[in-house]
Amino acid sequence: MSDSKKTRSPETILTHAGRDPAGHHGAVNIPPYRTSTVLFETLEQVKSINNPDYTGYRYGRMGNPSSRAFEDAVAELEGADGAVSHCSGMAAIAMALDACTKQGDHILICDSTYSPTRKYCDNVLARYGVDVEYYDPMIGAGIDKLLRDNTSLVYLEAPGSLTFEVQDVPAIAAAAKKRDIAVLMDNTWATPLFFRPFDHGVDISIHAATKYMVGHADAMLGVCTARGNYVEKLRKTAWLSGHAAGPDALYLGLRGLRSMAVRLKQHEAQAMELAEWLKDRPEVVKVLHPAFEDCPGHEYFKRDFKGASGLFSITLKPGYDEAALARMLDGMNLFGMGFSWGGFESLIMPDRPDQTRSATIWNDEGMLLRIHAGLENISDLKEDLDQGFQRLSGT
Ligand SMILES: *Cc1c(COP(=O)(O)O)cnc(C)c1O
């Protein structure tokens, strides 16, 4: 990467990174490369693929022009030395954890993490003799007391999935750094546009590109970015485990990046307006949104983040039963019920954070609803929610 490229602004990176018209008959976009076998012309070439400075392609699982274009774009956007793409966000998480863990290690995972991450740690890593400990996401510099001689990594996610606490990333990273412990962070919510992990001490940043990068709910894709030696560690783990992304998902990921800055601004504005409106609803107890003052870690959000994306939660007043909730959610017109988020469309999903915590206690009795603000007309979205609340209250 040349110095002039390093200083490109995010919108310009999103528009130009990973493109090579001269290498593709003038086409603006790099077509999806459907590659398994890569042919070599000479025996000399075959032998050269083991040279450490070899930059060509080897075999489909180890990358092709589609994966390299997407990885180059995300790495440049996030200010990383390199990126490694995967077939899903969850594969990217598993690979990052695997790359930094061995038998007998102790690892620290934030209690507010995406729940499949927790399941991977408890059901896979623990099976291989890794000691998994969960910590209060608001622990800050206090993480120091939990670090042991055999701690190999600290895993962060800010804001937390479902509950949106914002972690003091630099304080946690500084404590880990003092002991040479790897700092991993799931940066899916903010994207590289709204949080710059490497400016705050993170070693490996992980994205479910399925969400805002792809942005249209039509592909599964994951990517890790890193600086220094971590890039090679990630690449080796990925090549050996075979979680390579397919060409269509990579193509859609790169295409999604082109419009990500404008989409995110609109998701942010839509979510803010919905959240403000929901705060005053009689059915709602709390809005869990990092930009709100009462959100745990709001001060770190203001200090470290450049914006908020379109995902947040609300908690309902206790007392609505399952049937009332079904009346509300089954009848929604615009808000879909489904896992994932980050596409153009609005979503609403009920959840129970108390069932996926062990280091902290989630006390709120009311049901939690996680909302993704899509790109529909904002009045239409409010009307859909308003009618939903009327069904909830049985009026
Ligand atoms: C969805 C999600 C993932 C997993 O991504 P997939 O592509 O669905 O495997 C990881 N982290 C967060 C925060 C997510 O929301």
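Which residue in β7 is the bridge partner of S205? It is T225. I will come back to that pair after some groundwork.

This is a predicted model, in which local features need pLDDT of at least 70 and side-chain atom pairs count only at pLDDT 80 or more, while totals for chains, interfaces and linings use all residues. Residues are numbered from 1 along each chain as its sequence is written, and side-chain values use heavy atoms, with hydrogens and water left out.

Confidence, to begin with. pLDDT is the predictor's confidence in each residue, from 0 to 100. The chain has a mean pLDDT of 96, and 98% of its residues reach 70 or more. Over residues 1-5 the value is below 50, and this stretch has 4 contacts in the model beyond near neighbours in sequence. A contact here is heavy atoms within 4.5 Å.

Now the sheets. Helices (H or I, at least four residues) and strands (E, at least two) are DSSP runs, numbered from the N terminus. Two strands count as paired if DSSP finds at least two bridges between them. One open sheet has 7 strands, in the order β1-β7-β6-β5-β4-β2-β3, and its pairing is mixed. At the edges stand β1 (82-86) and β3, each with a single partner strand, so one side of each has no neighbour in the sheet. On average, neighbouring strands of this sheet are turned by 20 degrees against each other, direction ignored. For angles, axes are lines fitted to C-alpha atoms, for helices over the stretch in contact, and the values run from 0 to 180 degrees between N-to-C directions.

Back to the opening pair. β6 and β7 (residues 222-226) are joined by 5 bridges in the antiparallel sense, and S205 with T225 is one of the bridge pairs.

Two helices pack on this sheet. Helix α4 lies across β1, β6 and β7, at about 130 degrees to β1. Helix α5 (residues 89-99) lies across β1, β2 (106-110), β4, β5 (182-186), β6 and β7, and runs at about 160 degrees to β6.

There is another open sheet, of 4 strands, with the order β8-β9-β11-β10 and antiparallel pairing. Its edge strands are β8 (284-288) and β10 (347-351), each pairing on one side only. The twist averages 25 degrees from one strand to the next. Between β9 (residues 311-316) and β11 (residues 368-372), which run antiparallel, there are 5 bridges. T315 stands opposite L368 in β11. Helix α13 (residues 322-330) lies across β9, β10 and β11, at about 165 degrees to β10.

Next, the interior. A nonpolar core is a set of buried Ala, Val, Leu, Ile, Met, Phe, Trp, Tyr and Cys residues joined through side-chain atoms within 4.5 Å. Buried means under 20% relative accessible area, exposed over 50%, and partly exposed in between, with a 1.4 Å probe and protein chains only. The largest core has 64 residues, and F70, V154, W189, L257 and M260 have the most contacts inside it. Helix α4 (residues 65-78) supplies the largest share of this core, 6 residues. Apart from it lies another core, of 30 residues, including A99, L153, L184 and Y230.

What does W189 touch, not counting residues up to four places away in sequence? The list is P159, F164, Y212, P290, F301, F305, G307, A308, S309, L311 and W341.

Last, the charged pairs. A salt bridge is a side-chain nitrogen of Lys or Arg within 4 Å of a carboxyl oxygen of Asp or Glu. The structure holds 17 of them. In one, D131 meets R148, with the closest N and O atoms 2.8 Å apart. D131 lies in β3 (residues 131-135) and R148 in the loop between β3 and β4 (151-157), so the pair ties together parts 17 residues apart in sequence. D131 is partly exposed at 34%, and R148 is partly exposed at 35%.

K177 and D203 form another, at 3.4 Å between the closest N and O atoms. K177 is in helix α7 (residues 169-178) and D203 in the loop between α8 (191-194) and β6 (204-208), 26 residues apart. K177 is partly exposed at 38%, whereas D203 is buried at 11%.

Finally, E273 and K382 meet in a salt bridge of 2.9 Å, N to O. E273 lies in helix α11 (residues 260-279) and K382 in helix α14 (residues 378-392), so this pair ties together parts 109 residues apart in sequence. E273 is partly exposed at 37%, and K382 counts as buried at 19%.
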